[in-house]
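Subject: Structure handover

Hello,

I am passing on the structure we discussed, with my notes below it. Please read them with the coordinates open.

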Amino acid sequence: MITGEYRSNKKQLTIFLLLLIVVMLASASFTEFNFIYSIQTLPKAFTWIISNLFITEQALEKLPSVMDKLIETVFLSITSTTTAGVSALFLALLGSEATKVNDFFAKLSRVIASVYRNIPIVAWALILLLSFGQNALTGYFALFLATFGFLVRAFIETIDETSSGSVEALQASGATYFQIVMKAVIPECLPQMMSWILYMIETNIRSSTLVGILTGTGIGFMFDLYYKNMNYEVVTLITLSIVIVVIGIELISNYVRRVIL
Amino acid sequence: MVLLQVDHISKHYEKDKPVLSDISLHVQQGEFISIIGPSGAGKSTFLRCINRMIDISSGEIHFDGTNMMALNKRNLRKNRTKIGMIFQHYNLVSRLTVIENVLHGRLGYKSTFQGVLSLFKEEEKREAFHLLEKLGMAEHAYKRCDQLSGGQKQRVGIARALIQSPKLLLCDEPIASLDPSSSKIIMDHLKEISTEMNITCIVNLHQVDVAKKYSDRIIGLNAGEIVYNGAPKDLLEREIREIYGANAAHLMMK
Ligand SMILES: Nc1ncnc2c1ncn2[C@@H]1O[C@H](COP(=O)(O)OP(=O)(O)OP(=O)(O)O)[C@@H](O)[C@H]1O
Ligand SMILES: [Mg+2]
């Protein structure tokens with residue numbers, strides 16, 4: 001009986017793999033992606049990258065202004081993430097099974113979170129561009145909304161996982177809703193929530209580069225500018241500094257995480 | 001004196017699937033009652049109906065002279081302060097210290113503002129230490145709860161319930177996650193609380209022998225109905241078979 005089950009599992013796996021290959025071939029032909037051609041062009045692409053993307057002394061002169069924009073971008077992502085985090089906490093309290101006020105608001109909060117989360121950040125940027133125009137506020141709101149949706153979902157799970165027991169205990173002892181939130185939910189969930197916020201700050205520094213290209217702000221704007229002028233040395237400098245900053249932020253947040261968790 | 005009076009309560013989550021059906025039970029002040037029964041019999045549900053953590057579908061509950069069903073939110077909170085609750089998984093705020101957790105038991109007596117700012121009186125703090133001492137936990141008062149063993153956590157849970165100055169303790173499988181020696185410590189404490197402090201205890205249990213050893217009265221629950229309600233000494237093989245079903249009872253009598 002066990003071998004029978006094993007065999008049928010194996011059969012399922014084979015069918016699954018075949019299906020996967022079919023889907024892959026189908027989508028490749030649908031998107032006109034030519035595998036052979038793309039491999040053939042690889043060496044050419046590498047030669048181009050090596051011959052064009054290096055940092056010259058001239059490009060280094062731009063470093064201060066790059067740093068300026070980069071700092072702007074970092075602060076934009078920190079501001080949008082932290083404000084989104086605070087707002088997400090309120091909606092997450094309504095949405096969590098342990099701390100919900102009633103079923104209607106719980107459902108509503110989950111629906112809102114899911115809608116916001118599933119609209120890509122690029123779409124947010126383009127939508128907001130129409131109402132706010134090309135400025136830093138557009139970038140801020142685009143990052144805020146997408147982060148908000150994600151964090152509500154993450155916070156709901158954190159609350160449900162870590163504090164449903166203590167919430168029940170305090171409810172049974174006659175504590176008020178705000179006492180329960182402040183004395184059980186926050187102490188229990190804060191480190192995990194901080195960890196999510198740090199993660200989103202990292203993510204948003206990357207995203208804000210992309211958003212900046214669309215909204216004409218921050219490091220993304222600069223990247224776009226030099227890219228269109230075909231000044232690839234500066235583009236390389238910008239890319240490299242983004243990578244360094246992102247790694248730096250990641251190291252810092254890893255350290256903070258170790259301390260608080 | 002009758003402290004708790006449960007009359008004909010029923011509970012169903014889905015229509016035609018009663019979890020509790022027509023349960024009636026009168027409990028004296030200071031009595032130690034165990035509720036036993038197979039998994040899914042409705043023990044936890046029954047316990048949570050008493051302090052209205054779960055709302056019943058029909059019936060009446062009178063506790064300490066008040067009709068629990070007629071209470072508004074505010075008065076329900078006030079009445080819950082008189083009922084302590086103890087859980088299988090302790091339900092402590094694990095990142096806070098022992099003493100902070102014990103003082104949580106006083107939140108029900110405070111305004112939201114006082115509670116959030118932890119404005120506890122000197123005598124409340126003294127009482128918290130006194131209870132910890134009594135439970136043999138004084139040396140751990142400033143430890144974080146996630147550093148304690150299961151038996152120690154449960155003693156913090158008991159202290160948190162006792163600082164409410166309750167008249168009734170509801171204990172939902174307080175020793176189900178503990179080893180035998182910690183279990184004995186916890187059960188001894190509960191027994192002492194009921195005899196010395198005259199606090200009524202209703203304890204859900206899985207172990208028939210523990211129930212027989214400690215209880216004044218045993219309630220047997222099966223599929224949401226009371227099938228046994230009597231003294232421990234009258235709980236014999238036939239009764240156990242009725243509570244747990246023939247197969248399980250056979251295992252238990254060994
Ligand atoms: N929220 C709920 N919604 C629907 N059904 C529920 C809910 N909570 C409990 N039940 C059902 O009610 C019945 C009684 O559950 P309860 O937890 O009271 O049993 P129990 O006697 O405490 O069992 P155990 O010994 O395993 O703790 C079970 O059949 C359970 O599936
Ligand atoms: Mg149970």
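**Domains and helix H5 of chain A**

The domain assignment splits chain A into domain 1 (2–42) and domain 2 (64–260). Taken over C-alpha atoms, the centres of domain 1 of chain A and domain 2 of chain A are 36 Å apart. Bear in mind throughout that this is a predicted model.

In chain A, helix H5 covers residues 103–118, 16 residues in total. From first C-alpha to last, H5 of chain A reaches 23 Å, close to the 22 Å expected at 1.5 Å a residue. At the start of H5(A), a side-chain oxygen of A:Asn102 comes to within 3.1 Å of the backbone nitrogen of A:Phe104.

Which residues of H5(A) are buried? They are A:Ala106, A:Ser109 and A:Ala113. Viewed down the axis of H5(A), its buried residues fall within an arc of 65°, so they line one face of the helix. The general background is that an α-helix has 3.6 residues a turn, so residues three or four places apart point the same way. Helix H4 (63–95) and helix H7 (136–172) of chain A are among what covers the buried residues of H5(A). On the other side of H5(A), the exposed residues are A:Asp103, A:Phe104, A:Lys107 and A:Asn118.

**Nonpolar cores**

The largest nonpolar core has 102 residues, and B:Ile36, B:Leu169 and B:Leu190 touch the most other members. H7(A) gives the most to this core, with 14 residues. Leaving aside neighbours within four places in sequence, B:Leu169 is in contact with B:Gly84, B:Ile86, B:Ala161, B:Leu162, B:Leu190, B:Ile193, B:Ile199, B:Thr200, B:Cys201 and B:Ile202. There is also a second, separate core of 32 residues, which includes B:Leu71, B:Leu76, B:Phe87 and B:Leu221.

**A glutamine in chain B**

B:Gln154 sits in helix H6 of chain B, residues 150–162. Why does B:Gln154 count as buried? Its relative accessibility is 0%, and buried means under 20%. A polar atom of the B:Gln154 side chain lies 2.9 Å from the backbone oxygen of B:Pro174. B:Pro174 also appears in the contact list of B:Gln154, which leaves aside neighbours within four places in sequence. The other residues in that list are B:Ile86, B:Phe87, B:Gln88, B:Tyr90, B:Leu178 and B:Ile186. Of these, B:Ile86 is also in contact with B:Leu169, and B:Phe87 is included in the second core.

Regards

Terms used:
Residues numbered from 1 in each chain as written. Chains lettered and ligands numbered in written order. Predicted model: local features only at pLDDT ≥ 70, side-chain atom pairs only at ≥ 80, totals over all residues. Heavy atoms only, no water. Helix = DSSP H or I, 4+ residues; strand = E, 2+ residues; numbered from the N terminus. Expected span 1.5 Å × (residues − 1). Buried < 20%, exposed > 50% of the residue type's maximum accessible area, 1.4 Å probe, protein only. Arc of directions from axis to C-beta. Contact = heavy atoms within 4.5 Å. Polar contact = N/O pair within 3.5 Å; in protein donor to acceptor, adjacent residues only side chain to side chain. Core = buried A, V, L, I, M, F, W, Y, C linked by side-chain atoms within 4.5 Å. Domains from an automatic or database assignment.
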